[in-house]
Each structure stands twice: as structure tokens, then as C-alpha cells.
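Student: I am new to this structure and would like a close look at a single part of it. Could you pick one place and walk me through what surrounds it?

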Amino acid sequence: MIKDIELKSGNRRAVILFHGMTGTPLELSRFAKYLFSLKFDVFVPCLPGHCSKPSALDKVVWQDWSYFAQDKYKTISNEYDEVFISGICLGALLCLEICRKFPVKAQALLSPTLAIDGWNLPWYKFLLPLAFVPPFIWFYSYTEAEPYGIKNESVRRQVLRIMQNKSSGVYESYSAISIRELLRLSKNIRPYLKEIETPTIILHSKQDDLCDIKNAKDLFSKLSSKDKKFIELHDSYHMVTLDNERDMVFKESSDFFLKYSEVVNGKDGQV
């Protein structure tokens, strides 16, 4: 069973990474190792309703994700001089929830999913609101399909093998209930975007198959951060931490964090 990832070496600065809808900490493991090599302690928690079985998601409401992420930030920020945050998909929305209430040093938003309107949605996507109405909500489920958010075919085959392993904790399908909660979280976030002043970098692919890039651009325009940066990717789909441009995603995000890090090397080489 997949568990939280924690990479610690006594550093004074940390990064919290939040995975995406139906994902697991494993989709951020390479990013976590990269940040750890730059002397950040790194935490990648498993979000409520994830890493077990799809039906577990049906028992979760968006507030569960939000409170969980805020509590995680509060706990870790008590232990470090500096805490940065990043998240992909649902995880990016949770970063916004945290920045609304806490003085985060900086955040990196990867494929922020404020809407589900990507090019790989089925042709009948315009009927999606009907799926949220009883009794349809109890029966409708969305099954992940090619390309699974990944343009790189080799990586896609690896991910597919993991998804087919029922004990992997990666979900192949999810119900309308969890989609509704993601969209409710998005609806809750939109009114206060202008209140967020946290330094922010957003990375989103023009070819995102789940969430059109126009949503990320709209988000970028509404943030009040004095320092904000938008990077448009051109050779990835939704899962930018696994796809062709992952190295660029790692470097741009970490460079942005380092720009705001004030801790200095100690005698033992830790920061």
C-alpha cells in the first residue's frame, strides 16, 4: 500500500507537495527527490480518500481535503524556518486554500484544475452537470482512458501497469461524487483569488487533456501576488511531473523557491 513520502535530513527549510485527484504521492516522488537534493526536507502526504480504493473517495467532501492540507501546513511550519508548497491538479487548489490563510513563502501550482474541460473529455461532457443530480450521481463513474494525462508513451505504459495493479492505490475510475467535490472546491476558491498575495509560479500545458490552459491563465490574472510567473508547457499533457517536460517543471519550481529562501548553509552543510 502506498504511504506518505517524507525525505528529511535536518534542513531548516521544507516543501510540502500535494498530489492530484485519484493520484498518490508516487506521482510526485521524482519531484520530491529533486527538491531533497537541493537541501529541502520534503513531505508528500496522501490526501483523504486516496491510496486505498475508489469507493473511499465517495465519503470525502472538499472541506476534508482543505482542512487536511491546512493542518499539514500548520504542523510542518512549526518545525521549520521556511515552508514552501506545491501541488498538481487538486493539489494546486489546496495550495491556494493554504495561501489564503497562512504566510507561505512561495507556491508552485502545477496543472491547477479549476475546471474539467480538457480535450480528452468524452463528447457528452456537456451533460456532466446531470451526473451530479440524484439518482445519477450514485451510478455515474468516469474511467481513466488513454492517454492518462501523459504524452510520453514509455512513461504512460509504466503508469498503466501500476494502475492495473489493484493494490497500487492508483484509481482507474472515480465517481461523480468526487468530481462534484473537486468542482465545489474550485467554486469556493474563485471568489478570493484576488486576496492571495503569495509569490506564485504556475506551470500548465497548452495540451492538458483534463483542464484547458485558459483556466490557469484566468487564475494567473486574478492573483494579487507582486511576484508571479506563468510558464506555458508545449510537450506535456496534464501530469507534468511525469511527462516530457518534468525536468523543466522541477527546475523552474525549485528556482522560484530558492529565490525566496533566506536560510544559509550551516557548518554541517545543512540549510
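Tutor: Happily! Let us begin where strand 4 and strand 5 run side by side: the two pair in the parallel sense, over four bridges. Within this pairing, Gly87 stands opposite Leu109 of strand 5. Please keep in mind that the model is predicted.

Look at strand 5 first, which covers residues 107-110. In a regular strand, side chains alternate between the two faces of the sheet. Here Gln107 and Leu109 are on one side, with Ala108 and Leu110 on the other, and all four are buried, so both faces of the strand are covered.

Now step off the end of each strand. Ser111 is found in the loop between strand 5 and strand 6 (141-143), while Cys89 has its place in the loop between strand 4 and helix 3. Most residues other than glycine have a negative phi. Cys89 has a positive phi of about 60 degrees although it is not a glycine, and Ser111, also a residue other than glycine, has a positive phi near 50 degrees. Both places are hidden from the outside: Cys89 counts as buried because its relative accessibility is 4%, under the 20% cut-off, and Ser111 counts as buried because its value is 0%.

From Cys89 the chain leads us to helix 3 (residues 90-101), which gives eight residues, the largest share, to the largest nonpolar core. That core has 77 residues, and Leu17, Trp65, Leu90 and Leu96 touch the most other members. Take Leu96 as an example. Leaving aside its neighbours within four places in sequence, Leu96 is in contact with Gln107 and Leu109, two residues that we met on one side of strand 5. Its other contacts of this kind are Ile189, Tyr192, Leu193, Ile196, Leu219 and Leu223.

Gln107 also leads us to another residue, Thr198. Thr198 has its place in the loop between helix 5 (176-189) and strand 8 (200-205). Thr198 is buried because its relative accessible area is 7%, which is under 20%. Beyond its neighbours within four places in sequence, Thr198 is in contact with Gln107, and also with Cys99, Val104, Lys105, Ala106, Ser225 and Asp227.

Strand 4 has another partner to look at, helix 2 (residues 62-77). The buried residues of helix 2 pack against strand 4 (82-88), as well as strand 2 (13-18), strand 3 (41-44), helix 3 and helix 5. The buried residues are Trp62, Trp65, Ser66, Ala69, Gln70, Tyr73 and Ile76. Seen down the axis of helix 2, they fall within an arc of 135 degrees, so they line one face of the helix. The length of helix 2 can be checked too: at 1.5 Å a residue, its 16 residues should span 22 Å, and its end C-alpha atoms are 23 Å apart, which agrees. Trp65, on this buried list, is also one of the core residues that touch the most other members.

Finally, let us step back to see the whole. The protein has seven helices and nine strands, and 55% of its 271 residues count as buried. Among contacts between residues at least 6 apart in sequence, 75% join residues at least 24 apart; the contact of Leu96 with Leu223 shows how a residue can meet another far along the chain.

Terms used: Residues numbered from 1 in each chain as written. Predicted model: local features only at pLDDT ≥ 70, side-chain atom pairs only at ≥ 80, totals over all residues. Heavy atoms only, no water. Core = buried A, V, L, I, M, F, W, Y, C linked by side-chain atoms within 4.5 Å. Buried < 20%, exposed > 50% of the residue type's maximum accessible area, 1.4 Å probe, protein only. Contact = heavy atoms within 4.5 Å. Expected span 1.5 Å × (residues − 1). Arc of directions from axis to C-beta. Pairing = 2+ DSSP bridges.
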